[in-house]
Amino acid sequence: MKTDSRLFLTFLAATLIITSGIVPARAEATKPTIEPLLRTVDLNVGQEATVKLADGRTTTVKLLDLKEQRDSLRNAVRRAEVTVEVNGRKVTLVAAYYRLPVTVGDVQIDCAVTKGCVQGDKNPWALDADARLRLWPAGSPWIRPDTFVYPAKQRWFASDTQMANVPVFVDGGEIPARKSIYYHWGLDIGGAEGLVEIVAAAEGLVLSAGKEVLDSPQHRPQIRPRYDVVYVCDNRGWYYRYSHLHTIDPAVKPGVRVKMGQKIGILGKEGGSGGWSHVHFDIKSLQPSGRYGITEGYAFLWQAYQAKHETKLQAVARPHHLTWAGDPVTLDATLSWCRRGPEHIAKYEWTFTDGTTATGPKTRRSYDKPGKYSEILKVTDDEGNVDYDFAVVQVVDRERPDEVPPSIHAVYWPTFDIKAGDEVTFKVRSFRIGPDEGHEVWDFGDGTPPVKVQSDGNAVKLAKDGYAVTTHRYARPGHYLVSVKRTNRRGDTALSHLHVRVGPR
């Protein structure tokens with residue numbers, strides 16, 4: 001009878017585990033085996049710290065000043081500057097917002113976040129000071145190259161992005177009346193729903209996959225499982241979240257170790273996506289406050305992508321802008337990058353929605369009419385290499401602040417290795433607009449007639465057919481600037497651009 005009782009209890013425990021979605025712990029990594037290259041310190045203005053770098057040398061860093069610029073629409077931080085002293089040398093850094101670390105003497109340094117992004121108990125960074133600074137030895141990679149890859153199998157900036165600390169905007173979230181600001185933590189990579197493969201950025205232990213969760217008291221406090229989310233703990237002891245997945249790969253199960261580059265799932269718009277298709281990727285690790293919080297990962301993604309694809313030139317016109325109609329806004333291309341150095345960028349050329357043009361890394365302009373604008377940046381280096389990016393400007397009428405203009409999200413797939421004659425899939429969805437209010441109109445940039453489609457206007461955020469889909473084939477190789485727009489009944493237009501590269505057959 002005792003044997004039978006033990007068998008019954010074992011069976012009962014297994015049944016409870018299966019029905020609850022909890023998976024017994026196995027192959028659990030309890031101690032990190034990789035030392036991160038960065039060193040992190042949180043400082044208040046006037047504070048100084050001595051930091052031991054990854055190569056064993058020590059450096060002294062002091063936070064001298066913090067300036068946060070806020071907009072007049074939502075009082076949101078749009079730019080945060082810190083002045084720091086590194087081993088006696090002063091430098092001004094802009095926090096996150098698509099910025100990479102800079103070299104000061106024999107040290108690299110960046111600012112990941114400042115206190116303006118913290119709103120009450122909304123503090124995913126676990127930041128208790130004025131600013132978070134991160135340091136590396138000069139010349140060091142930001143993350144060990146053989147331990148990290150870009151997690152989306154598509155081109156860099158193939159679609160809209162919401163990188164660290166920017167107020168979220170793609171799904172129409174930038175509304176003047178909405179004073180609670182969602183400063184994005186982690187990295188949103190827009191892409192084609194159901195088509196883009198998401199891979200493990202690093203080797204690690206799967207802690208949860210959908211509703212299945214590893215039974216691990218060590219890791220459980222750092223994860224928030226959901227049907228569309230995968231959590232992985234890597235060999236640094238960092239926690240990775242892959243969110244809004246269309247599907248999760250069947251091989252990704254709690255307790256299993258995934259290899260770097262292994263398929264995690266397919267990009268989607270599930271969960272709390274807001275209805276726009278993207279993967280939300282974030283990293284959480286132990287912070288100087290003694291709590292786990294977000295580790296800003298933009299530099300890691302940049303390094304991994306540029307190394308794999310040996311990018312020669314990268315145009316950068318981000319982050320987006322929000323402004324009142326009639327107020328000036330500065331479009332900035334100074335974050336554009338050339339592998340051989342910024343001095344090799346020969347030309348910055350802007351083409352605006354109204355047909356006018358400008359040159360130079362910065363240009364200042366204003367907009368009389370509300371809408372979502374997408375201004376074209378073309379960057380050329382001294383070898384003749386060309387790249388494009390697009391500056392998004394959302395313009396609101398000061399007299400009608402509640403009548404916000406529509407927003408729009410456009411994607412294409414595949415983004416690599418398109419040959420003349422290949423079928424390319426284009427998807428688009430509009431936001432802040434009625435489902436029967438206007439049509440999206442595509443111009444594929446090759447002289448072919450425009451194509452009209454109609455998305456649902458985000459009427460049902462997670463609707464499987466929320467995006468309107470069309471296809472196109474390019475007859476000849478080249479760089480194509482694709483546009484798609486939709487106008488509401490007030491005459492406000494949302495415009496988006498895509499840069500499609502087509503090679504010879």
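**Group meeting: a walk through the model**

So, the structure here holds three cavities of 30 Å³ or more. And before I go on: this is a predicted model, so please keep that in mind for everything I say.

Let's stay with the empty space for a bit. Rolling a probe the size of a water molecule over the atoms shows where empty space is left. The largest cavity comes out at about 110 Å³. Its lining is made of 16 residues, and the ones nearest the centre are Ser159, Asp160, Arg318, Phe390 and His497. Which strand gives the most to that lining? That would be β37, with five residues. Strands β29, β30 and β37, the last of these running over 493-502, each supply at least two residues there.

Keep Arg318 in your head, because there is something else to see at that spot. Okay, here it is: arginine 318 is joined to proline 319 by a cis peptide bond, with omega at about 10 degrees. If you want to find proline 319 on screen, look in the loop between β22 (313-314) and β23. There's another cis bond further along, between tryptophan 413 and proline 414, and there omega is about 0 degrees. Proline 414 sits in the loop between β31 (407-413) and β32 (423-431).

While we're in that loop, have a look at aspartate 417, which is also between β31 and β32. Aspartate 417 isn't a glycine, yet its phi is positive, about 55 degrees. Tyrosine 98 does this too, with a positive phi of about 70 degrees, and again it is not a glycine. You'll find tyrosine 98 in the loop between β6 (89-94) and β7 (102-104). Buried or exposed, what would you say for tyrosine 98? Its relative accessible area is 5%, so tyrosine 98 is buried. Aspartate 417 has 63% relative accessibility, so that one counts as exposed.

Now, the largest pocket. Its volume is about 680 Å³. There are 27 residues lining this pocket, and closest to its centre are Gln69, Arg78, Arg79, His321 and Thr330. The elements giving two or more residues to the lining are β4 (58-70), β5 (77-86), β23 (321-324) and β24 (328-332).

One of those pocket residues, arginine 78, has a partner I'd like you to meet: its side chain makes a polar contact of 2.8 Å with the side chain of glutamate 174. Glutamate 174 lies in the loop between β10 (161-162) and β11 (187-190). Its relative accessible area is 0%, so glutamate 174 is buried, even though it sits in a loop. What does glutamate 174 touch, apart from its neighbours within four places in sequence? The list includes Arg74, Arg78, His320 and Arg432, and also Pro167, Val168 and Phe169.

Next up, charges. The count comes to 39 salt bridges, and I'll show you a few. Arginine 340 and glutamate 383 meet in one, at 3.7 Å from N to O. These two are 43 residues apart, and the pair links distant parts of the chain: arginine 340 is in the loop between β25 (337-338) and β26 (345-351), glutamate 383 in the loop between β29 (371-381) and β30 (386-396). Arginine 340 counts as partly exposed at 34%, while glutamate 383 is exposed at 52%.

Then there's arginine 400 with aspartate 397, at 3.0 Å. Arginine 400 is partly exposed, at 27%, but aspartate 397 has 17% relative accessibility and so counts as buried. Both belong to a network of salt bridges that links Lys369, Asp397, Arg400, Glu403, Arg490 and Asp492.

Last stop, the greasy bits. In soluble globular proteins, nonpolar side chains tend to be buried together. Here, the largest nonpolar core has 79 residues, and those with the most contacts inside it are Val61, Leu133, Phe148 and Tyr242. Which helix brings the largest share? Helix α2, residues 298-309, with seven residues. There's also a second, separate core of 21 residues, with Tyr412, Val424, Trp442 and Tyr480 among them.

To finish, click on leucine 133. Leaving out residues up to four places away in sequence, leucine 133 touches a whole list, including Val41, Leu43, Val61, Val82, Val84, Leu93 and Ile109. That's my tour, thanks for listening.

How values were computed: Residues numbered from 1 in each chain as written. Predicted model: local features only at pLDDT ≥ 70, side-chain atom pairs only at ≥ 80, totals over all residues. Heavy atoms only, no water. Salt bridge = Lys/Arg side-chain N within 4 Å of Asp/Glu carboxyl O. Helix = DSSP H or I, 4+ residues; strand = E, 2+ residues; numbered from the N terminus. Buried < 20%, exposed > 50% of the residue type's maximum accessible area, 1.4 Å probe, protein only. Core = buried A, V, L, I, M, F, W, Y, C linked by side-chain atoms within 4.5 Å. Contact = heavy atoms within 4.5 Å. Polar contact = N/O pair within 3.5 Å; in protein donor to acceptor, adjacent residues only side chain to side chain. 1 Å grid on protein atoms, 1.4 Å probe; cavity = no way out; pocket = protein on both sides within 12 Å on 5 of 7 lines; lining within 4 Å. Points joined across faces, edges and corners; volume = space filled by probe spheres on them.
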